[in-house]
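Please look through the sequence and the model below before reading on. The paragraphs that follow begin at a single loop and move outward from there.

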Amino acid sequence: QVQLVESGGGLVQAGGSLRLSCAASRNIFSINTMGWYRQAPGKQRELVAVIGSGGSRDYADSVKGRFTISRDNTKNTVYLQMNSLKPEDTAVYFCKATLVDVVGVGREYWGQGTQVTVSS
């Protein structure tokens, strides 16, 4: 069973920085797209940033210039560097990976989520 394990969330003051990590493991053949989504209380889950297998990136307008997504294909890990954090960035952040497992099945997997809280 494929697993995505996130880490790096926490409490930070406005203007501060955090770095999230998400490692995919077990029975992976290849990974296509990896990304970060977030869900604030009472709101729908939204895309934050996504990175393709070749390194192409896309960001939500609200985080452009502040957040940077990257990946290490040797470690099956995606990162989200978050700078100049604002209280409105407070949410549970989820990692998602679109991949093919060792038996050839392609699908999306989600991590369990990590809380990011930005105080004003």
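Asn27 lies in the loop between β3 and β4, and since this is a predicted model, what is said about this residue, as about every other, describes a prediction. The phi of Asn27 is near 60°, a positive value in a residue other than glycine. Arg26, which is found in the loop between β3 and β4 as well, has a positive phi of about 75° although it is not a glycine. Most residues other than glycine have a negative phi. Asn27 has a relative accessible area of 40%, and because buried means under 20% and exposed over 50%, Asn27 counts as partly exposed.

From this loop one can step back into strand β3, which covers residues 18-25 and is joined by five bridges to β1, the two strands running antiparallel. Two of the facing positions can be named: Gln3 stands opposite Ser25 in β3, and Ser7 stands opposite Ser21 in β3. In a regular strand the side chains alternate between the two faces of the sheet. Strand β1, residues 3-7, shows such an alternation, with Leu4 and Glu6 pointing to one face, where they are buried, while Gln3, Val5 and Ser7 point to the other and are not buried.

Strands β1 and β3 belong to an open sheet of four strands, which follow one another in the order β1-β3-β8-β7 with antiparallel pairing. Because β1 and β7 stand at the edges and have a single partner strand each, one side of each is left without a neighbour in the sheet. On average, neighbouring strands of this sheet are turned by 15° against each other, if direction is ignored.

Strand β3 also takes part in the one disulfide that the structure holds. A disulfide joins Cys22 to Cys95, with 2.1 Å from S to S, and it links distant parts of the chain, since Cys22 is in strand β3 and Cys95 is in strand β9, 73 residues apart. With -80° about the S-S bond, the link of Cys22 and Cys95 is left-handed. Cys22 is buried at a relative accessible area of 0%, and Cys95 likewise counts as buried at 0% relative accessibility.

Which residues touch the most other members of the largest nonpolar core? Of the 32 residues in this core, they are Trp36, Leu80, Met82 and Tyr93. The elements that give two or more residues to the core are β3, β4 (28-39), β5 (46-51), β7 (67-72), β8 (77-82), β9 (91-101) and β11 (114-119), and the largest share, five residues, comes from β9. Leaving aside neighbours within four places in sequence, Tyr93 is in contact with residues including Glu6, Leu20, Trp36, Leu80, Met82 and Val116.

Arg38 is also in contact with Tyr93, and the side chain of Arg38 meets that of Glu46 in a salt bridge of 2.7 Å, N to O. Within this pair, Arg38 counts as buried at 7% relative accessibility, whereas Glu46 is partly exposed, with a relative accessible area of 36%. Asp89 forms a salt bridge with Arg66, the closest N and O atoms being 2.7 Å apart; Asp89 is in the loop between β8 and β9 and Arg66 in the loop between β6 (57-59) and β7, 23 residues apart. Here Asp89 is buried at 0% relative accessibility, and Arg66 is buried with a relative accessible area of 10%. Arg38, Glu46, Arg66 and Asp89 are linked in a network of salt bridges.

Notes
Residues are numbered from 1 along each chain as its sequence is written. This is a predicted model: local features need pLDDT of at least 70, side-chain atom pairs count only at pLDDT 80 or more; totals for chains, interfaces and linings use all residues. Side-chain values use heavy atoms; hydrogens and water are left out. Buried means under 20% relative accessible area, exposed over 50%, partly exposed in between (1.4 Å probe, protein chains only). Two strands pair if DSSP finds at least two bridges between them. A nonpolar core is a set of buried Ala, Val, Leu, Ile, Met, Phe, Trp, Tyr and Cys residues joined through side-chain atoms within 4.5 Å. Contact means heavy atoms within 4.5 Å. Axes are lines fitted to C-alpha atoms, for helices over the stretch in contact, and angles run from 0 to 180 degrees between N-to-C directions. A disulfide is a pair of cysteine sulfur atoms within 2.5 Å. A salt bridge is a side-chain nitrogen of Lys or Arg within 4 Å of a carboxyl oxygen of Asp or Glu.
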